[in-house]
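Please open the model in your viewer and keep the sequence panel beside it, since each stop on this tour begins with a selection.

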Amino acid sequence: MSLKQRVNDDVKAAMRGGDARRRDALRLLLAALQQREVDERKELTDADVVAVIERVIKQRREAVAQFEKGGRQDLAQKEQYELDLLQGYLPQAMSDAEIATAVADAIATTGAKAPSDMGKVMGALKGKLAGRADMGKISALVKSKLSGS
């Protein structure tokens, strides 16, 4: 079963179970998935679905921070619930050791030597690690390895 189909089935299950919070959060995700399909005029693969989920999760993190900053704990809790729910659809996260190994392998494979080669390394890693690791952390790790620190 594809990831998109799993989300769709979970929406239906939430509707049958009367879980409005879960239903609404998953409907927002489905809307984002359908928007991407319309924009790109293609059926989304599981990798595309993971990319959309990561983008929605990033938006939720930013919203939680803003609501907490503004003193709106009720809205921050709603966004946090959605964030936690959506993270359940991402593949198993990689450990720091696995990430470090993957970065070292990508640097060796691409022959990167300087920070100017960062794009090649990130391109090699993006396909392998998308959805399984925070690309911001990976970027910082690659940058530190290539700059020699």
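**Where two helices meet**

In this predicted model, begin by selecting helix 6 and helix 7, where Met-118, Val-121, Met-122, Leu-125, Lys-126 and Leu-129 of helix 6 are in contact with Met-135, Ile-138, Ser-139, Val-142, Lys-143 and Leu-146 of helix 7. Sorted by class, this contact is made of nine nonpolar residues, one polar residue and two charged residues. If you now display the two helices alone, as residues 118-129 and 135-146, you will be looking at a packing angle of about 145°, with the axes 11 Å apart. The crossing of helix 6 and helix 7 is right-handed.

**The whole chain**

Next, return to the full model and colour it by secondary structure, which shows seven helices and zero strands, in the order α-α-α-α-α-α-α from the N terminus on. The C-alpha atoms fill a box of roughly 55 × 40 × 30 Å along the principal axes. With a surface switched on, the protein exposes about 9000 Å², of which carbon and sulfur atoms supply 51%, while 34% of the 149 residues count as buried. Among contacts between residues at least 6 apart in sequence, 56% join residues that are at least 24 apart.

**Two nonpolar cores**

Now select Leu-29, Leu-33 and Ile-53, which touch the most other members of the largest nonpolar core, a set of 20 residues. The elements that each contribute two or more residues to this core are helix 1 (3-17), helix 2 (20-40), helix 3 (46-69) and helix 4 (73-87). A second, separate core has 16 residues, and among them are Met-94, Ala-102, Val-121 and Ile-138. Val-121 and Ile-138 also belong to the contact of helix 6 with helix 7 where the tour began.

Which residues surround Leu-29, once its neighbours within four places in sequence are left aside? Centre the view on Leu-29, and you will find it in contact with Val-7, Val-52, Ile-53, Val-56 and Leu-86.

**Ile-99 in helix 5**

Move on to helix 5, residues 96-110, and pick out Ile-99. Is Ile-99 buried or exposed? Its relative accessible area is 11%, and because the cut-off for buried is under 20%, Ile-99 counts as buried. Beyond its neighbours within four places in sequence, Ile-99 is in contact with Met-94, Ala-133, Ile-138 and Leu-141. A distance drawn from Ile-99 to Gly-123, which is 24 residues away along the chain, should read 15 Å between the C-alpha atoms.

**Phe-67 in helix 3**

Phe-67, in helix 3, is the next selection, and here the relative accessible area is 26%, so that this residue is classed as partly exposed. Leaving aside neighbours within four places in sequence, Phe-67 is in contact with Arg-72, Leu-75, Ala-76 and Glu-79. For a sense of span, draw a line from Phe-67 to Thr-110: these residues are 43 apart in sequence, and their C-alpha atoms are 42 Å apart in space.

**Lys-42 in a loop**

Finish at Lys-42, which sits in the loop between helix 2 and helix 3. Its relative accessibility of 39% makes Lys-42 partly exposed. When residues up to four places away in sequence are not counted, Lys-42 touches Glu-37 and Asp-48, and showing these side chains together completes the last view.

Terms used:
Residues are numbered from 1 along each chain as its sequence is written. This is a predicted model: local features need pLDDT of at least 70, side-chain atom pairs count only at pLDDT 80 or more; totals for chains, interfaces and linings use all residues. Side-chain values use heavy atoms; hydrogens and water are left out. Axes are lines fitted to C-alpha atoms, for helices over the stretch in contact, and angles run from 0 to 180 degrees between N-to-C directions. Helices (H or I, at least four residues) and strands (E, at least two) are DSSP runs, numbered from the N terminus. A crossing is left-handed if the near helix is turned anticlockwise from the far one by less than a right angle, and right-handed if clockwise. Contact means heavy atoms within 4.5 Å. Ala, Val, Leu, Ile, Met, Phe, Trp, Tyr, Cys and Pro count as nonpolar, Asp, Glu, Lys and Arg as charged, and the others, Gly among them, as polar. Buried means under 20% relative accessible area, exposed over 50%, partly exposed in between (1.4 Å probe, protein chains only). Accessible areas come from the Shrake-Rupley method with a 1.4 Å probe; for residues, only the protein chains shown count as cover. A nonpolar core is a set of buried Ala, Val, Leu, Ile, Met, Phe, Trp, Tyr and Cys residues joined through side-chain atoms within 4.5 Å.
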